[in-house]
Amino acid sequence: MTTAKCGGGAVLVVGGYGAVGVTVTRTLAGWFPDRIIPAGRDLARARRLASGVGSGRAARVDVADGPGFARVLEDNRIGAVVLCVEPPDAAIARACLAGGVHLVDVGASHHLLAQVDALGEQAAARGATAVLSVGVAPGLTNQLARRAHEEVGGADRLDVTVLLGSGESHGADAVRWTVAQLAAPAERRAGGWTRPRRVALPGYGIRTAHPFPFSDQHTLRRTLGVPEVTTRMCLDSVPLTAALFGLRRAGAFRAARNPYARRVLTSALTRVHLGGEGFAVRADAFGGDRHAAYALTGSAQSRVTGLVAAHVTRRLLTGGLPAGVHHLDQLRDLASLPEDLSRYGTTLWTPDALRAAS
């Protein structure tokens, strides 16, 4: 396995002033002064953040402009990119990896991550590393799923549950993504429609979680070789969860497939703050008569996503990760992240701790 080259050059944080990106920018700037460049379409906001973290540089980038993005990489001698907004296709990843630039991607759409997955040979040939499935979900969910999978000696089925705080001020990009997934047709599998599941989440009791198309349920089937993986979601507010998924079943979100309706609905949901900022993720593995579960709880999912991305980027810059394209659960050198994050207020729940709490 080829080891990636150490990350020299500057670090471009795309969407660096957003809900996730601001944590990435501030955390990395504390570790690597003068190397961090916040970037986005609003250059004034990027410059204000750069000034606030002591960085002398900011950049204007548009992830829909591939050629312009490539020029920014060259002009600023970028060694690594942290992608905190979702591009329309894999052109940004292709520009990075073709130029030997490392990439950390917090995206959650399976079809886009699959396009980047296909660039593995190109990345390895240039000594570049792309780390995908970076954040809370996907990301920490992938790592918890691997632990549960290994605990049972190989799972036949994985159930991943995500509870998000509906009172948190999520970024507009995250809300747009959520609306798009609510509007997407439900997934039908060989055994029929995937159903909601009642699951115990530490600190929240037993909740009903509904199938939701996070990318981890697709990638884990490949990275772990588990044939049946389902990710489900609920909110900390029980009434809002019931209302949201009730409207989904009734087809109320189909209109959001229209761009105008999607913008209106995204704007409305951005203003809804009925719950708190806490979150919980849990992964259950089933193998024959064996069962194991791991969970992680914390506050401010966007902040923790940014912290995961910052820790992954720091490891890339200091060397040791293999070249190529990898999902977070495939990198053993980052397997301690659930424990490492405890200094930021998260709690890892082992199988014994979950049994004691139930």
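# Close-up views of a predicted model

Buried residues make up 55% of the 358 residues in the chain. The model is predicted. The chain holds 14 helices and 16 strands. Among contacts with a separation of 6 or more, 73% join residues 24 or more positions apart.

**View 1. Seven strands form an open parallel sheet.** The strand order is 3-2-1-4-5-6-15. Strand 3 (59-60) and strand 15 (324-327) stand at the edges. Each has a single partner strand, so one side of each is left without a neighbour in the sheet. Strand 4 (residues 78-83) and strand 5 (residues 102-105) run parallel and are joined by four bridges. Leu83 stands opposite Asp105 in strand 5.

**View 2. Helix 4 (residues 91-98) lies across four strands: strand 4, strand 5, strand 6 (129-132) and strand 15.** The helix runs at about 150 degrees to strand 5.

**View 3. Strand 12 (residues 228-235) is mostly covered.** Seven of its eight residues are buried. Strand 7 (residues 157-164) runs parallel to strand 12, and eight bridges join the two. Strand 11 (residues 205-211) pairs with strand 12 in the antiparallel sense, over two bridges. Look for Met233 in strand 12. Val162 stands opposite Met233, and His210 has Met233 as its bridge partner.

**View 4. Helix 2 (residues 43-52) has buried residues along one face.** Those buried residues are Ala46, Leu49 and Ala50. Seen down the helix axis, they fall within an arc of 105 degrees, so they line one face of helix 2. In an α-helix there are 3.6 residues a turn, so residues three or four places apart point the same way. The buried residues of helix 2 pack against helix 1 (21-31), strand 2 (36-40) and strand 3. On the other side of helix 2, the exposed residues are Arg47, Arg48, Ser51 and Gly52.

**View 5. Asp42 caps the N-terminal end of helix 2.** A side-chain oxygen of Asp42 lies 3.2 Å from the backbone nitrogen of Ala44. Beyond the helix comes a glycine. Gly54, just after helix 2, takes a positive phi of about 80 degrees.

**View 6. Ala58 sits in the loop between helix 2 and strand 3.** Ala58 counts as partly exposed, at 23% relative accessibility. Ala58 and Ala39 are 19 residues apart in sequence, but their C-alpha atoms are 5.7 Å apart in space. Leaving aside neighbours within four places in sequence, Ala58 is in contact with Ile37, Pro38, Leu43, Ala46, Arg47 and Ala50. Two of these partners, Ala46 and Ala50, belong to the buried residues of helix 2.

**View 7. Thr223 lies in helix 9 (residues 216-223) and is buried.** Its relative accessible area is 14%, and under 20% counts as buried. The side chains of Thr223 and Asp329 are joined by a polar contact of 2.9 Å. Not counting residues up to four places away in sequence, Thr223 touches Arg146, His327, Asp329 and Gln330.

**View 8. The largest nonpolar core has 60 residues.** Leu28, Val82, Val308 and Val312 touch the most other members. Helix 12 (residues 301-318) gives the most to this core, with eight residues. Val312 touches Val104, Val131, Val134, Leu328, Leu334 and Leu337, not counting residues up to four places away in sequence. A second, separate core has 29 residues, including Ala10, Val101, Leu113 and Val116.

**View 9. A cis peptide bond joins Ala137 and Pro138.** Omega is about 0 degrees at this bond. Pro138 lies in helix 7 (residues 136-151).

**View 10. Asp34 and Ser133 each take a positive phi, in a residue other than glycine.** Phi is near 75 degrees at Asp34 and near 55 degrees at Ser133. Asp34 lies in the loop between helix 1 and strand 2. Ser133 lies in the loop between strand 6 and helix 7. Which of these residues is buried and which is exposed? Asp34 is exposed, with a relative accessible area of 59%. Ser133 counts as buried, at 0% relative accessibility.

Notes
Residues numbered from 1 in each chain as written. Predicted model: local features only at pLDDT ≥ 70, side-chain atom pairs only at ≥ 80, totals over all residues. Heavy atoms only, no water. Pairing = 2+ DSSP bridges. Contact = heavy atoms within 4.5 Å. Axes fitted to C-alpha atoms, helices over the stretch in contact; angles between N-to-C directions. Buried < 20%, exposed > 50% of the residue type's maximum accessible area, 1.4 Å probe, protein only. Arc of directions from axis to C-beta. Polar contact = N/O pair within 3.5 Å; in protein donor to acceptor, adjacent residues only side chain to side chain. Core = buried A, V, L, I, M, F, W, Y, C linked by side-chain atoms within 4.5 Å.
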